[in-house]
Every structure is written in structure tokens, then in C-alpha cells.
Amino acid sequence: MMLIGYARTSTVEQVAGFDAQVSALMAEGCERVFQEQVSSVAERVQLEEAISFARSGDVFTVTKLDRLARNTQHLLEIAERLEAKGVSLKVLNFGLDTSTPTGKLMLTMLGAVGQFEREIMLERQKEGVAKAKAEGKYKGRKPTALAKKADVLALLASGATKEAVAKQLGIGVASIYRMLKA
């Protein structure tokens with residue numbers, strides 16, 4: 001039996017949360033920790049590798065459900081894939097272990113509650129944004145790429161490719177095309 005850990009944050013800026021997950025998984029005794037910093041809706045290569053790596057009798061361990069799945073359906077799909085391989089799922093913050101019938105029941109219930117909580121939070125966020133817009137207080141997200149326009153133009157003028165400029169400045173290639181079009 002091997003404890004396999006999986007840690008994920010949505011962005012590379014979430015360093016403290018990412019480090020905390022990895023530390024918690026190592027403290028739990030995970031022999032191998034798969035790590036990635038990508039959105040839950042993006043392709044998650046490390047998650048797929050971790051699931052593929054797991055063998056019968058192993059325990060797939062995460063710190064929180066929202067680090068593993070984007071909604072209840074996705075959670076249950078992952079749990080089903082693990083179960084088909086004979087791998088149990090352990091969620092540290094809930095003390096949940098799917099190797100028991102109670103653990104399987106709790107996983108489903110907590111997944112549904114988590115999804116409900118997220119949907120309520122997003123609804124409140126939309127209401128807050130709408131109120132702020134109505135009051136003229138909402139400015140939206142600062143255009144990060146546009147702030148680097150002078151650097152983009154200088155690098156392009158020096159002969160760098162759009163892809164190289166985007167990588168160097170940490171912005172998307174599409175942002176460069178939008179700058180040039182404007």
C-alpha cells in the first residue's frame with residue numbers, strides 16, 4: 001500500500017496555499033506527491049498521472065475536495081475511477097476515507113454541499129459586482145497585459161517573436177495580438 005498525494009492550486013500566485021498542501025500531504029506520509037498549478041477546468045496532466053500511477057490497495061490523498069474536483073459529478077467520476085482500480089480516496093480536512101461505506105456516503109454528501117456552497121458564493125459575487133456597477137464603483141480587473149504595452153512594442157521592435165515576448169513578460173500571445181490590433 002502506498003499513500004499518493006495530489007496538490008493543486010488554480011494559479012502560480014497561490015504559493016502559500018500550494019506549499020501548505022504539499023507539506024500536509026508529506027506530513028500524512030505520502031510517498032509520492034503529484035503537484036500542479038492549473039485551473040480545475042484546464043487539462044490536469046498531473047492528476048491523470050497520479051490516477052494512472054495508483055495501484056490496488058493504494059490511498060489517493062488530497063487536502064481538500066475542491067483541490068481535486070470542480071463539482072460533484074467530477075468528484076464522483078474521479079472516485080469511481082479510483083475505486084475501479086482498488087484505490088481508496090482520503091480527504092484530510094474532513095478525515096474522510098472511502099475505504100469504508102460511511103466514507104463513500106460522506107464523500108457524496110460533502111461533494112454536493114461543497115458544490116452548493118461554491119454556487120452560492122458565485123451568486124453573491126455576481127450580486128456584489130452588479131451592485132458596485134450600479135453605484136459606479138466597479139472598475140473591473142486591471143488590464144495586466146496592457147500595462148506592459150511599451151515593453152511589448154520594444155521587444156517586438158528588437159526582433160523578438162510574439163511567442164518569445166509573451167513568455168518573457170508573462171502574458172498571453174493573444175494579448176499581444178490585441179495590443180497590435182488596437
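A compact globule of 182 residues would have a radius of gyration near 16 Å, yet this protein comes out at 21 Å. The structure you are looking at is a predicted model. Let's walk through it, from the overall outline down to a few single residues.

**Overall outline**

- Along its principal axes, the C-alpha trace spans about 60 × 45 × 25 Å.
- Of the 182 residues in the protein, 32% are buried.
- The protein exposes about 11400 Å² of surface, and 56% of that is supplied by carbon and sulfur atoms.
- There are 26 positive and 21 negative charges, and the mean positions of these two groups lie 9 Å apart.
- Take the contacts between residues with a separation of 6 or more: 61% of them join residues that are 24 or more positions apart.

**Helices and strands**

- You can find seven helices and five strands in this protein.
- Following the sequence from its start, you meet them in the pattern β-α-β-α-β-α-β-β-α-α-α-α.
- This pattern ends with four helices in a row, after the pair of strands β-β.

**The sheet**

- Five strands form an open sheet with mixed pairing, and their order across the sheet is β2-β1-β3-β4-β5.
- At the edges sit β2 (32-37) and β5 (96-97), each of which pairs on one side only.
- Strand β3 (residues 59-62) pairs with strand β4 (residues 88-91) in the parallel sense, over four bridges.
- To see this region in residue terms, look for T61, which stands opposite K90 in β4.

**Two residues to look up**

- A27 belongs to helix α1, which covers residues 15-28.
- Is A27 buried or exposed? A27 counts as exposed because its relative accessibility is 70%, and the cut-off for exposed is over 50%.
- A16 sits eleven residues away from A27 along the chain, and the C-alpha atoms of the two are separated by 16 Å.
- S88 has its place in strand β4.
- Is S88 buried or exposed? S88 counts as buried because its relative accessibility is 12%, and buried means under 20%.
- Which residues does S88 touch, leaving aside residues up to four places away in sequence? S88 touches D58, V59 and F60, and also D97, T98 and S99.
- One of these partners, V59, falls within the residues 59-62 of strand β3, the strand that pairs with β4.

Notes:
Residues numbered from 1 in each chain as written. Predicted model: local features only at pLDDT ≥ 70, side-chain atom pairs only at ≥ 80, totals over all residues. Heavy atoms only, no water. Helix = DSSP H or I, 4+ residues; strand = E, 2+ residues; numbered from the N terminus. Rg over C-alpha atoms; globule rule 2.2 N^0.38 Å. Buried < 20%, exposed > 50% of the residue type's maximum accessible area, 1.4 Å probe, protein only. Contact = heavy atoms within 4.5 Å. Areas by Shrake-Rupley, 256 points an atom, 1.4 Å probe, with all protein chains shown as cover. Lys, Arg positive; Asp, Glu negative; His and termini not counted. Charge placed at Lys NZ, Arg CZ, Asp CG, Glu CD. Pairing = 2+ DSSP bridges.
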